[in-house]
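Let's walk through this one together, starting with how far to trust it and then moving on to the fold and what sits inside. Have the view open as you read.

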Amino acid sequence: MGEETRGHGDAGTRGRDAELSTPLADQLSAPNLLRSLASATCPACGHAKEYHKSLCLDCYRYLSPDRQHALYQRIDHGYDRAMLEALKVLGAKRFILPRAAQWGMWEGKREGTNEH
Ligand SMILES: [Zn+2]
């Protein structure tokens with residue numbers, strides 16, 4: 001399905017660091033945003049946050065009131081853009097998601113799980 005981001009000029013960034021090289025905006029897909037909200041990991045700094053909050057308290061307080069307010073939008077009504085702006089302000093290089101093991105209940109089941 002033609003990945004347009006895979007052009008010339010980024011030859012050294014593929015492979016195991018592929019996730020890290022994904023543009024920040026591309027990481028803010030609805031599934032990722034929902035996964036982050038349902039987790040206890042701050043997507044900006046990786047520290048603990050409350051479930052269903054966008055960011056940890058430290059990151060949240062760092063934002064201006066306008067940006068804080070923007071994070072109360074619905075995911076399909078500008079939340080992704082608000083989060084992108086927030087991450088930029090916070091200097092986040094990527095959208096931090098919890099480790100796969102912690103999504104177990106969210107994903108249902110993981111590959112390689114033997115159920116006999
Ligand atoms: Zn944080």
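Averaged over the protein, the pLDDT of this predicted model is 80, and 67% of the residues score at least 70. That average hides some spread between elements. At the top is helix 4 (residues 57–62), with the highest mean pLDDT, 98; at the bottom is helix 7 (residues 104–107), with the lowest, 51. Then there's the stretch over residues 10–15, where the pLDDT is below 50. Beyond near neighbours in sequence, residues 10–15 have two contacts in the model. Where pLDDT is low, don't read the predicted coordinates in detail.

Now for the fold. The secondary structure comes to seven helices and zero strands, so if you trace the chain along the sequence you get α-α-α-α-α-α-α. How do the contacts spread along the chain? Of those with a separation of 6 or more, 51% are between residues 24 or more positions apart.

Next, look inside. Of the 116 residues in the protein, 17% are buried. The largest nonpolar core has 14 residues, and those with the most contacts inside it are Cys42, Ala44, Leu55, Cys59, Met83, Ala86 and Leu87. Which helix gives the most to this core? That's helix 6 (residues 79–90), with four residues.

Leu87 is a handy place to zoom in. Setting aside its neighbours within four places in sequence, Leu87 is in contact with Leu24, Ala44, Ala92 and Phe95. One of these partners, Ala44, you've already met among the residues with the most contacts inside the core.

Conventions:
Residues numbered from 1 in each chain as written. Predicted model: local features only at pLDDT ≥ 70, side-chain atom pairs only at ≥ 80, totals over all residues. Core = buried A, V, L, I, M, F, W, Y, C linked by C-beta atoms within 7 Å. Buried ≥ 20, exposed ≤ 12 C-beta atoms within 10 Å, placed from the backbone. Helix = DSSP H or I, 4+ residues; strand = E, 2+ residues; numbered from the N terminus. Contact = placed C-beta atoms within 7 Å. pLDDT = per-residue confidence, 0-100.
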